[in-house]
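Trainee: I'm new to this structure and would like to learn how to read it. Could we go through it together?
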Amino acid sequence: MVRREKLLKEQAKQEAEDMAMIQTLSQSLPSSLDYRKILATIGEKINRVVHAAKFYVLVEDEMNDPSRGLLYGGDKDEESGPEVVDLKDYPLVQECLKKRHPIIQQNVGSPTEEPQENPQVFPYPLSITVPITFRSEAHGAFLLGFDEGNRILTSREIHFCQILAFATAVALSNAKKYDELRSEAKQRQLVAEELAEANRLKTLYLANTSDELRTPITTIMGYGSILLDGACGPLNDEQKRAVGQLTENARGLLRLVDQVLDYSKWERGARRLYKKRQEVGVLLDEIKGELSPLEAKRPYQVQYNISGCVPSLETDWRKLKSILVNLLNNAIKFTDEGEVKLSVVNGSANHEVSFVVSDTGIGIPKEHLSMIFNKFHQVDGSTAKRYQGTGLGLTITKNLVELLSGRIEVESELGKGSTFTLTMPVRN
Ligand code: ADP
């Protein structure tokens, strides 16, 4: 009675130990993402409980040839990796995968040769093949060989093998997905690198082409004004009109080319600031000179106002000028009649100055307001559009505003006009 009690206690203790091991193994296995490591180490884990003479894992080599298998567990694995075998030579594996159930085979006779010499024979008196399956995925099977023909595999041992086979299947499934994701990510990175290179070449091409276009355009403009000044002899009114038209178009073209050039410079990382302290009035005089040819064809003149107490600013004046010329250029372009104004006032917060560019032009539909700063966005993006432009002006403007630590806001009403407010810090 005492002996039986002791036996039962020992059995219970062993089962508790097995359960603990199953739990540790089945938890640690799926967390590993190294496919080969899982397969190379699983045998040692199983043998802690089952004590087989030989253990193999056979998995399908789907990557290369589905009719071949990779056999892990040979002594050579460590250095040379798994042995490549023909799946046809393992009918038991195929059968157990089909049935999704372990197959136990008792061979008459005793082991003769080393199994890895000729593994398809698998000449053990007792063997068990356990399928490694998870959901609809069948990865392969465990093959265990035992030397003792009269050994009996307990249901506990079979159950243990099944649980580990399941945990291995989950781990393999995860590892395969991880491998797939990794190669996808690699692929994406390659594509991203190719795109970045293509983008770099495009920017370079734009910069070079715009630069090349600049010289002939400025030459046309130069000769245009020489002709208009009468340096090559007096022109009659019709000739003056024609040359004026030519110069004006060349100026428009130069603006487009300059915008593309500015944008490509920005894309190539031109972010340097050249700051100095200056009065705002000096800037307005320069802008007036630059925009006067554009006003010539309009029935109005741009109005410039500076409120009395605007302080001097410390900023990059070329960039600030570029921003304001862009805004005023748009205001004149989109305003056929009425008025275009630039007012410089103190900002709502201390140490800020606001440049307000307002017009009474065509206005911007509400649904476009949030997009006009995006590159190439134009309210009228059709090829037959009435107004010339690249759709880059406001993108460049916004980039420059951010570089100068300012901010820009826009309000507009369709058919009534638009107001762009640029607010700059007194010190950049
Ligand atoms: P574009 O070269 O076309 O002028 P911008 O980036 O400067 O490009 O402006 C983008 C678009 O925003 C313009 O095409 C136009 O539809 C709209 N827009 C900008 N400023 C004004 C304005 N003052 N009045 C009306 N629409 C404007």
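Trainee: Which atom of the ligand should I look at beside the side chain of Lys333?
Mentor: Look for an oxygen atom of the ligand, 2.9 Å from an N or O atom in the Lys333 side chain. Keep in mind that this is a predicted model. A pair of N or O atoms within 3.5 Å counts as a polar contact. On the side chain of Asp359, an N or O atom is 3.0 Å from a nitrogen atom of the ligand. Val379 uses its backbone instead: a polar atom there is 3.0 Å from a ligand oxygen.

Trainee: How much of the ligand does the protein bury?
Mentor: Taken alone, the ligand exposes 530 Å², and the protein buries 97% of that.

Trainee: Which residues surround the ligand most closely?
Mentor: There are 20 residues around the ligand, with Asn330, Lys333, Gln378, Thr390 and Leu394 the closest. Sorted by class, this shell holds 9 nonpolar, 9 polar and 2 charged residues.

Trainee: Which helix gives the most to that shell?
Mentor: Helix H8 does, with 3 residues. H8 (317–333), helix H10 (393–403) and strand S13 (417–425) each supply at least two.

Trainee: How do I describe two helices that pack together?
Mentor: Packed helices are described by the angle and the distance between their axes. Try helix H6 (residues 237–267) with H10: their axes come within 10 Å and cross at roughly 45 degrees. H6 is therefore oblique to H10. The crossing of H6 past H10 is left-handed.

How values were computed. Residues are numbered from 1 along each chain as its sequence is written. This is a predicted model: local features need pLDDT of at least 70, side-chain atom pairs count only at pLDDT 80 or more; totals for chains, interfaces and linings use all residues. Side-chain values use heavy atoms; hydrogens and water are left out. A residue is near a molecule or strand if one of its heavy atoms lies within 4 Å of it. A polar contact is a pair of N or O atoms within 3.5 Å; within protein, one must be able to donate a hydrogen and the other to accept it, and residues adjacent in sequence count only if both atoms are side-chain atoms. Accessible areas come from the Shrake-Rupley method with a 1.4 Å probe; for residues, only the protein chains shown count as cover. Helices (H or I, at least four residues) and strands (E, at least two) are DSSP runs, numbered from the N terminus. Ala, Val, Leu, Ile, Met, Phe, Trp, Tyr, Cys and Pro count as nonpolar, Asp, Glu, Lys and Arg as charged, and the others, Gly among them, as polar. Axes are lines fitted to C-alpha atoms, for helices over the stretch in contact, and angles run from 0 to 180 degrees between N-to-C directions. Angles under 35 degrees count as roughly parallel, over 145 as roughly antiparallel, 65 to 115 as roughly perpendicular and the rest as oblique. A crossing is left-handed if the near helix is turned anticlockwise from the far one by less than a right angle, and right-handed if clockwise.
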